[in-house]
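Me: I'm new to reading protein models and I'd like a close look at one part. Could you walk me through the salt bridges and what sits around them?

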Amino acid sequence: MDGWNGRLAPTLAEFEALAEAARATLPEAFRAPAAAVVLRVEDFAPEDLLDEMEIEDAFELTGLYEGIPMTEKSVMDPGGPDVIWLFRRPILDEWAARGDVPLDELIAHVFIHELAHHFGWSDGDIATIDRWWE
């Protein structure tokens with residue numbers, strides 16, 4: 001336990017760097033479309049977003065894709081980049097509760113899960129392919 005003395009939880013910038021490292025490891029075919037997605041890291045989701053999603057506990061939302069999936073985009077869609085939100089405190093809480101996954105892997109997993117929505121995958125599609133949570 002002494003190894004944790006004097007350590008602080010990773011900052012928002014450190015979380016962002018870990019997610020960007022995951023983006024950099026994507027297969028070549030996914031890198032360019034992934035580069036077009038803006039990454040935002042906050043401690044928690046904003047209250048209005050939680051209310052809109054009918055989520056009462058801010059610790060229940062670790063990440064969110066906000067945009068129009070590539071499979072549904074058209075030239076008629078309003079401008080503006082797609083955004084992936086990562087929420088630091090809920091991710092840290094999940095990491096501590098799990099106790100069996102390195103933090104950088106959990107951050108990468110949440111980021112890649114949200115990025116899969118950008119590519120047009122549903123939660124069901126992701127669950128079929130990604131058995132990570134088992």
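Reply: Let's start with Arg 88, which is buried, with a relative accessible area of 14%. Keep in mind that this is a predicted model, and the values here are computed from it.

So what does Arg 88 pair with? Its side chain meets that of Asp 43 in a salt bridge, 2.6 Å from N to O. Now look at where the two residues sit: Arg 88 is in helix H4 (residues 88-98), while Asp 43 is in the loop between strand S1 (38-42) and helix H3 (47-52), so the pair ties together parts that are 45 residues apart in sequence. The two partners aren't equally covered, either. Asp 43 is partly exposed at 29% relative accessible area, whereas Arg 88 is buried at 14%, because the cut-off for buried is under 20%.

Why would such side chains pair up at all? Side chains of opposite charge can pair when their charged atoms come close.

How many salt bridges are there? The count comes to four, and the pair of Arg 88 and Asp 43 is one of them. Let's go through two others.

Go to Arg 98 and you'll find a salt bridge with Asp 100, where the closest N and O atoms are 3.4 Å apart. Is Asp 100 buried or exposed? It counts as exposed, because its relative accessibility is 54% and the cut-off is over 50%. Arg 98, at 27%, counts as partly exposed.

Next comes Glu 20, which forms a salt bridge with Arg 23; here the closest N and O atoms are 2.9 Å apart. Both belong to helix H1 (residues 12-24), and because they are three residues apart in it, about one helical turn separates them. Glu 20 is partly exposed at 31% relative accessibility, but Arg 23 is buried, with a relative accessible area of 9%.

Which residues does Arg 23 touch? Leaving out residues up to four places away in sequence, they are Arg 31, Ala 34, Ala 35, Val 37, Leu 39 and Phe 111. So if you click on Arg 23 in the viewer, look for those neighbours as well as for its salt-bridge partner, Glu 20.

Back to helix H4, where we met Arg 88. What does H4 do with helix H5 (residues 103-118)? Their axes come within 10 Å and cross at roughly 130°. H4 and H5 are therefore oblique to each other, and their crossing is right-handed. On the H4 side, the contact is made by Ile 91, Leu 92, Glu 94 and Trp 95; on the H5 side, by Leu 103, Leu 106, Ile 107 and Val 110. Sort those residues by kind and you get seven nonpolar, one charged and no polar.

Finally, zoom out to see where these pieces fit. The protein has six helices and three strands, and from the N terminus on they run α-α-β-α-β-β-α-α-α. Of its 134 residues, 36% count as buried. And if you take the contacts with a separation of 6 or more, 66% of them are between residues 24 or more positions apart. The salt bridge of Arg 88 with Asp 43 spans that kind of distance along the chain, because its two partners lie in parts 45 residues apart in sequence.

Terms used: Residues are numbered from 1 along each chain as its sequence is written. This is a predicted model: local features need pLDDT of at least 70, side-chain atom pairs count only at pLDDT 80 or more; totals for chains, interfaces and linings use all residues. Side-chain values use heavy atoms; hydrogens and water are left out. Helices (H or I, at least four residues) and strands (E, at least two) are DSSP runs, numbered from the N terminus. Buried means under 20% relative accessible area, exposed over 50%, partly exposed in between (1.4 Å probe, protein chains only). Axes are lines fitted to C-alpha atoms, for helices over the stretch in contact, and angles run from 0 to 180 degrees between N-to-C directions. Angles under 35 degrees count as roughly parallel, over 145 as roughly antiparallel, 65 to 115 as roughly perpendicular and the rest as oblique. A crossing is left-handed if the near helix is turned anticlockwise from the far one by less than a right angle, and right-handed if clockwise. Contact means heavy atoms within 4.5 Å. Ala, Val, Leu, Ile, Met, Phe, Trp, Tyr, Cys and Pro count as nonpolar, Asp, Glu, Lys and Arg as charged, and the others, Gly among them, as polar.
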